[in-house]
Amino acid sequence: MPPPPAATITIRDTLAMLDGPKRTIAEGVANDQYVFWLGSGISRARMPDLSDLAKNVLRTLQRRIDQADPTCRYRRALSSVINLAAPSPDEWARIDDRQAADLWPDLDTLARRLVGNYARMLNVSVDGEEADFLLWDVLDAANVYSDPGIEPDAEHLSLAALAIEGVASEMPSANWDPLLERAVALLAGNRPILRVAVAPEETRRHRGRANLYKFHGCAEAARSDPGRYRRLLVARQNQIHGWAANNTVMASALTQLILTKPTLMLGLSAQDSNIQGLFAEAQVRMPWRWPTDPPSNPPAYAFAENALGGDQENLLQNVYNLDHSPANRPPMAAEALVQAYAKPLLLALWLYVVTAKLRLLVDHGPPGLAPADREKLREGLVHARDVVAEALVPTSDVVTELLGSFGRLMAMFRDGHLPAAGDGIYSPICVHPLHAMPADPALTGSGIVQFALAAGLIGLGLQRGHWSANKADLANPASGAFVLTGRSGPAKVYFAASPQAAIRLGVNGLVADNDDAVIVHSQMNPPPMHRSPRRPPGRTGLATVREVSVPDLLDGGAEVEDLLNRFRGAVAL
């Protein structure tokens, strides 16, 4: 059977969907309007398969049976677990608890059925043991799910980048694993970006730019401090049913999120009764209406799925109950479905958000730019984004390289050096969502507006075929932010927010006097200066380091076609 379209959609096609029928959702994300509800689907490629865990339960219980004891407690527990798989009489006849479970001919079948009864399976008790014996002792969940050797996947990395950009501020998660936290640490280093709340009192801590609510517990916290966090690992059926009553603080915090911000579910089936109950409670207090008013507002509910499952359709029927009808049901479901799984969707959303921020900066650029010229620059940015997207496959290696390249570009732009080890590999355009960017007085003098204008010109040149672009070599500190290749050959490209950043590019050995390189300045060109060390000569008969000032270009006129021609002349490509 071929994989579902939501798993195989390309990044470029996902962007086309976000630019088109799902634009209000993309704009909602860019404005930090959505709460990202995270489920096991975003960690599926990194965490153990539930079918394998079910087999481990069967294996362990069978192995512990005292065959000389007809009333052995492990035999009774094993029988209870097997009953949850509803074996047929023939299957029962082939199960011999005197044999290792791996020898049972129907082991795979039983395990697959237990996946659908996973919470009930973990609810099975063993006489004389704690209620969470199967989870804590048999499956060793705290150690398995916090294994330090497991690295973040593409979903966690893309989500971390969105959090650092300030557009994923609220993230409830049903996952035990610490992969999102590890992704933020890789990208942001020691910078205080993420607040994690597991225990109820942790919701009182200072809010972070991003706030992660691990409402089913945290494996790493349970491993390091079992006395405090073991009881918070939610897996058993009775825990799920009693969760709201036993977790009133966290339930109240999550209900408030449902009330005040639209919901985007990623890898979360919403089948657990406690999750359904939160949304039902919020609906009673203040329902979201369908369709949205005005229509430009983002939909209140969106699911990154191939198709809506029964639990998700039930949730829509519950939360939209005032407007749910036979006529409304199909368009309501179509609006809520984003047919891309988290892996392609989150990476495409990061590209969308970064580009949307740059487009907004173009809008707030020099007053001399006519609306039509601003639109050409915005089109150039989108074209550059799409060129990047064409080459992307959402794997962890590709996403790490992409985010590392972007972080390197921004570090050289702002400070003239590569990212410092303690700062992580990523740096954002700015820390604000779109709607809050114009209120930041620091943006005006930061050079980022001029950077956006230059990036629009470069994208416009790509669109016109004046040059092509290639990524830099991250293993080579002196390979630039990226490489542009025109008729006269390739040149490394750098950006400098200030004269100080430009000076440091040379002082730090990132640019040498005789490099084939272009430095795009956000401020007036600094006086020519010697750069050291020098490297073996590149092309001859052409000025090596070419320095282009965006303010100087604008002083010659703000008409975009003329700007592009002057830019081409200055970069000599």
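Mentor: Before we begin, contact means that heavy atoms lie within 4.5 Å. The structure we are looking at is a predicted model.

Trainee: With which residues is Val249 in contact, leaving aside its neighbours within four places in sequence?
Mentor: Val249 has its place in helix 17, which covers residues 248-260. Once the neighbours within four places in sequence are left aside, the residues in contact with Val249 are Pro200 and Thr203.

Trainee: Is Val249 buried, partly exposed or exposed?
Mentor: Buried would require a relative accessible area under 20%, and exposed one over 50%. The relative accessible area of Val249 is 40%, so this residue is partly exposed.

Trainee: How far apart in space are Val249 and Pro371, C-alpha to C-alpha?
Mentor: Along the sequence, Val249 and Pro371 are separated by 122 residues. In space, taken from C-alpha to C-alpha, the distance between Val249 and Pro371 is 50 Å.

Trainee: Which helix gives the largest share of the largest nonpolar core?
Mentor: The largest nonpolar core has 115 residues, and those with the most contacts inside it are Phe36, Met171, Leu266, Trp350 and Phe495. Apart from this core lies another, of 48 residues, among them Trp104 and Val138. The largest share of the 115-residue core amounts to 16 residues, and these come from helix 21.

Trainee: At roughly what angle do the axes of helix 2 and helix 21 cross?
Mentor: Helix 2 spans residues 11-19 and helix 21 spans residues 342-363, and their axes come within 9 Å of each other. The crossing is right-handed. Its contact involves, among others, Leu15 and Leu18 of helix 2 with Leu345 and Leu351 of helix 21. The angle at which the two axes cross is roughly 65°.

Trainee: Which strands are the edge strands of the open sheet formed by five strands?
Mentor: The five strands of this open sheet follow the order 8-9-10-11-12, with mixed pairing. An edge strand pairs on one side only, and that is what we find for strand 8 (468-471) and strand 12 (545-549).

Trainee: Which residue of strand 11 is the bridge partner of Tyr494?
Mentor: Strand 10 (residues 489-496) and strand 11 (residues 517-521) pair in the parallel sense, over five bridges. In one of these pairings across to strand 11, the bridge partner of Tyr494 is Ile519.

Trainee: Which helix lies across strand 11 and strand 12?
Mentor: Helix 23 (residues 396-415) lies across strand 8, strand 9 and strand 10, and runs at about 60° to strand 10. Strand 11 and strand 12 are instead crossed by a helix of residues 560-571, running at about 155° to strand 12, and this is helix 27.

Conventions
Residues numbered from 1 in each chain as written. Predicted model: local features only at pLDDT ≥ 70, side-chain atom pairs only at ≥ 80, totals over all residues. Heavy atoms only, no water. Axes fitted to C-alpha atoms, helices over the stretch in contact; angles between N-to-C directions. Helix = DSSP H or I, 4+ residues; strand = E, 2+ residues; numbered from the N terminus. Left-handed = near helix turned anticlockwise from the far one by under 90°. Core = buried A, V, L, I, M, F, W, Y, C linked by side-chain atoms within 4.5 Å. Buried < 20%, exposed > 50% of the residue type's maximum accessible area, 1.4 Å probe, protein only. Pairing = 2+ DSSP bridges.
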